[in-house]
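Biologist: Please take one part of this model, the site where the ligand sits, and look at it closely. After that, follow the fold outward from there, strand by strand.

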Amino acid sequence: MTLTIANISKKLNKKPVIENASFQINEGEIVGLVGRNGAGKTTLFRIISGEILPDFGSVGLDDQDYHRMVALHDQLFYVDMPNNWMTNFNSQQVKRIVQASYENFDTSWYDQQITRFKLDGRQKLKQYSKGMRALFTLIVSFASNAQYVLLDEPLDGLDVLVRDEVKRLIVERVTNQNTSVLIASHNLVELDTLTDRILLLKNGTIIRSFEVDGEQDIKKYQVAYRSETLPAFLSERGMVIAHTGHVATVIFDHFDEALAIKLAGPTFQFIEELPINSEDIFRASFSKDGYAWERETEIGK
Ligand SMILES: Nc1ncnc2c1ncn2[C@@H]1O[C@H](COP(=O)(O)OP(=O)(O)OP(=O)(O)O)[C@@H](O)[C@H]1O
C-alpha cells in the first residue's frame, strides 16, 4: 500500500498555508517531516487525516481517495493535539472507544504495552504526565493496526529514557508490523537516527526529500584562511556556523565546481570536508529566510 499526497493546497483565513505539496510514503518506511515553526506541518497532518479538507489535491491510498472512502479510514491513525485528547477517560475506556472505529485494533498488544509501561489503572489521561501521555498516544496509535501512523512531535519535552522508549517502540512496531510512520519533529538529531528519509516543508510545499547519507548537493567545510578578514564568498554562498580566529565552519547548499575551485585557492591554508547531518541540511535550506509566519496574506498583498 502507498500513501500518496498529490498537489495539496490549503488556505486558512485566506492565507495560503499549504501550496502544492506532494510526496509518497511506502509500507514500512519511517519518514520525517521537518520545517520552520509555522511552516504548516500540523496543518498538513490535519489535511492528510481528513480533519480538514484541502482546497485542491488529494490523499490517496493506492489508487483510492482516502478522504472519500470511509472504509479506508482505519488504515490511518492520527491524534491531533494529544494533550487535549480524551482527557476525561482512562486507558481502558480509551481502548473501548478506539476499538469501536478500528476493527483491527490489537487488544492483546495494547494490554501488554499498557502493563509494560505501567499506564493501567483508574487514572484519567488528564492526570498523566507529558511522558506518560506521549507513550500512551504511541501505544494507541500502533494498537490501531493502521498501516499509516502520523506522529506530531512525539519526542517533544521527554527525558532521555522516555525518548529512548518511544524510539524503541516505533522501531519495534515498524519492524514487526511493517507499519509506515510519518513524524513531524524539530529534533533533527533524533530524526537522523530514526528515519529512512526526511521531507523538508518550506513555503507550504515539499522542497526537498533526502536521505542524510545520500545528500550530495550540500557540503560542510572547515577552513583556515590567510586573509585578514573572512573571505566574503563564504557567507555569500554559504552559511557560516562557527568562526573563531581564522578558522570557520561553513555549510554550502548547491555546492558546485566553482566553489570547489575557490576553496582550493591560495586564500586558504587548509580545508577539510566534514560529515553532514540533517541539522546542516536544515540550516542550508532555511538560513537565509525570515520566519515562516511572515508569509504575506492575500489580503495584505
Ligand atoms: N485555524 C487556523 N486559522 C488560520 N491560520 C492558521 C490556523 N491554523 C494554523 N494556521 C496558520 O498556518 C500556518 C501553519 O501552522 P502549523 O501549525 O500547521 O505550522 P507547524 O509547521 O506545525 O508549526 P510548529 O512547528 O510551530 O508547530 C501558521 O502561519 C499558522 O498561523
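Modeller: The residues of the shell around the ligand divide into 4 nonpolar, 7 polar and 1 charged. The model is a predicted one, and what follows should be read as a description of that prediction. The shell has 12 residues, and L12, N37, K41, T42 and T43 come nearest to the ligand. Helix α1, residues 41–49, supplies the largest share of the shell, with 3 residues.

That helix leads to the sheet. α1 lies across β3, β6, β7 (148–152), β8 and β9 (197–202), and its axis runs at about 155° to β7. With angles over 145 degrees counted as roughly antiparallel, the angle of about 155° makes α1 roughly antiparallel to β7. The strands that α1 crosses belong to an open sheet of 6 strands, ordered β6-β7-β8-β3-β9-β10, with mixed pairing. The edges are held by β6 (76–78) and β10 (205–210); each has a single partner strand, so one side of each is left without a neighbour in the sheet. From one strand to the next, the twist averages 20°.

Inside this sheet, β3 has a partner on either side, β8 and β9. Strand β3 covers residues 30–35 and runs parallel to β8, residues 180–184, with 4 bridges joining the two. In that pair, L33 stands opposite A184 of β8. On its other side β3 is joined to β9 by 5 bridges, again in the parallel sense. Here V34 has L200 of β9 as its bridge partner.

The mixed character of the sheet shows at β9. This strand is parallel to β3, whereas β9 and β10 run antiparallel and are joined by 5 bridges. L201 stands opposite I206 in β10. The hairpin of β9 and β10 has 2 residues between the strands, and N203 takes a positive phi near 50° there. A second helix also lies across this part of the sheet: α9, residues 278–286, covers β3, β9 and β10 and runs at about 20° to β9. Both α1 and α9 therefore lie across β3 and β9 by the same contact criterion, a C-beta distance within 7 Å.

One helix pair deserves a place in the account. The axes of α4 (residues 130–143) and α5 (residues 160–177) come within 10 Å and cross at roughly 5°. The two helices are therefore roughly parallel to each other. On the α4 side the contact is made by G131, A134, L135, L138 and F142, and on the α5 side by V162, E165, V166, L169 and R173. By class, the residues of this contact divide into 7 nonpolar, 1 polar and 2 charged.

The protein chain is divided into domain 1 (3–211) and domain 2 (219–275). Their centres, taken over C-alpha atoms, are separated by 40 Å. The strands described next have residue ranges that fall in domain 2.

They form an open sheet of 4 strands in the order β12-β13-β11-β14, with antiparallel pairing. Its edge strands are β12 and β14, each with a single partner strand, so one side of each is left without a neighbour in the sheet. Neighbouring strands of this sheet are turned by 20° against each other on average, direction ignored.

Strand β11 (residues 219–225) pairs antiparallel with β13 (residues 247–252) over 6 bridges. Along that pair K219 stands opposite F252, and Y221 has V250 as its bridge partner. β11 also pairs with β14 (residues 268–274), antiparallel and over 6 bridges, where V223 has I271 as its bridge partner. At the other end of the order, β12 (residues 238–244) runs antiparallel to β13, with 6 bridges joining them, and M239 stands opposite I251. The hairpin of β12 and β13 has 2 residues between the strands, with G245 taking a positive phi near 60°.

Conventions: Residues are numbered from 1 along each chain as its sequence is written. This is a predicted model: local features need pLDDT of at least 70, side-chain atom pairs count only at pLDDT 80 or more; totals for chains, interfaces and linings use all residues. A residue is near a molecule or strand if its C-beta atom, placed from the backbone, lies within 6 Å of it. Ala, Val, Leu, Ile, Met, Phe, Trp, Tyr, Cys and Pro count as nonpolar, Asp, Glu, Lys and Arg as charged, and the others, Gly among them, as polar. Two strands pair if DSSP finds at least two bridges between them. Axes are lines fitted to C-alpha atoms, for helices over the stretch in contact, and angles run from 0 to 180 degrees between N-to-C directions. Two residues are in contact if their C-beta atoms, placed from the backbone, lie within 7 Å. Domain bounds come from an automatic or database domain assignment. Angles under 35 degrees count as roughly parallel, over 145 as roughly antiparallel, 65 to 115 as roughly perpendicular and the rest as oblique.
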